Amino acid sequence: MNTTNHSGDDMPKSDEEWKRILTPEQYTVLREKGTEAPGTGALLHEKRAGMYRCAACGNELFSAETKFDSGTGWPSFDKAIPGSVNLVRDESHDMERTEVVCARCGSHLGHVFDDGPKETTGKRYCMNSVCLAFEENKTLDNPNNA
Ligand SMILES: [Zn+2]
């Protein structure tokens with residue numbers, strides 16, 4: 001099920017370890033492929049410049065520049081950081097969807113759909129807010145300060 005490459009360093013390996021570092025809600029969504037209730041996410045209306053990281057491992061996933069208001073109730077992005085996520089075919093719930101997982105730790109993040117903004121990529125990465133950790137970019141001029 002987990003088709004990603006673990007980097008094998010400080011990554012938690014067992015469910016027990018994940019439960020220790022994640023909140024119960026994060027554990028349900030990230031590790032058991034749950035979905036948070038729409039409209040509830042803390043980052044839904046976040047509009048500052050910055051970086052959205054994997055809440056489980058800190059991997060950089062989405063730049064704030066790619067976030068848009070999809071009206072779905074979940075944080076939505078039209079593009080992921082190259083190499084940051086893996087896409088997995090998901091046929092659960094009698095639907096054919098494309099699951100988005102963190103390329104580093106394999107955690108479930110959400111799904112990607114083809115109804116995103118036409119003027120950019122046409123993709124809609126529909127993410128669970130609870131899977132993301134936002135880091136505000138206070139020094140846009142300095143690329144080394146990421
Ligand atoms: Zn991760």
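In what order do the 3 strands of the open sheet stand? The order is E2-E1-E9, and the pairing is antiparallel. This is a predicted model.

**The sheet**

Strand E2 (60-63) and strand E9 (132-136) stand at the edges. Each has a single partner strand, so one side of each is left without a neighbour in the sheet. From one strand to the next, the twist averages 30°. Strands of a sheet pair through backbone hydrogen bonds, either parallel or antiparallel.

E1 covers residues 50-54 and pairs with E2 over 3 bridges, in the antiparallel sense. E1 and E2 also form a hairpin, with 5 residues between them. Gly 58 lies in that turn and has a positive phi of about 85°. Two positions show how E1 and E2 line up:

| Residue | Partner in E2 |
|---|---|
| Tyr 52 | Phe 62 |
| Met 51 | Ser 63 |

**The whole chain**

The protein has 2 helices and 9 strands. Read along the sequence, the pattern is α-α-β-β-β-β-β-β-β-β-β. Of the 146 residues, 32% are buried. Take the contacts with a separation of 6 or more: residues 24 or more positions apart account for 56% of them.

**The core**

Which residues have the most contacts inside the largest nonpolar core? They are Cys 102 and Cys 131, in a core of 28 residues. Helix H2 (24-32), E1, E2, strand E6 (97-102), strand E7 (108-113) and strand E8 (124-127) each supply at least two residues of this core.

Cys 102 has a long contact list, even leaving aside its neighbours within four places in sequence. Cys 102 is in contact with Cys 54, Ala 56, Cys 57 and Asn 59, among others. The list also includes Leu 61, Val 85, Ser 107 and Leu 109.

**Helix H2**

Which residues of H2 are buried? Gln 26, Val 29 and Leu 30 are. They cover an arc of only 90° around the axis, which puts them on the same side of H2. An α-helix has 3.6 residues a turn, so residues three or four places apart point the same way. Pro 24 and Glu 32 are on the other side of H2, and they are exposed.

E7 is part of what covers the buried residues of H2. E7 also supplies at least two residues of the largest nonpolar core, as does H2. After H2 comes Lys 33, whose phi is positive, near 60°.

Note on methods:
Residues numbered from 1 in each chain as written. Predicted model: local features only at pLDDT ≥ 70, side-chain atom pairs only at ≥ 80, totals over all residues. Pairing = 2+ DSSP bridges. Helix = DSSP H or I, 4+ residues; strand = E, 2+ residues; numbered from the N terminus. Axes fitted to C-alpha atoms, helices over the stretch in contact; angles between N-to-C directions. Buried ≥ 20, exposed ≤ 12 C-beta atoms within 10 Å, placed from the backbone. Contact = placed C-beta atoms within 7 Å. Core = buried A, V, L, I, M, F, W, Y, C linked by C-beta atoms within 7 Å. Arc of directions from axis to C-beta.
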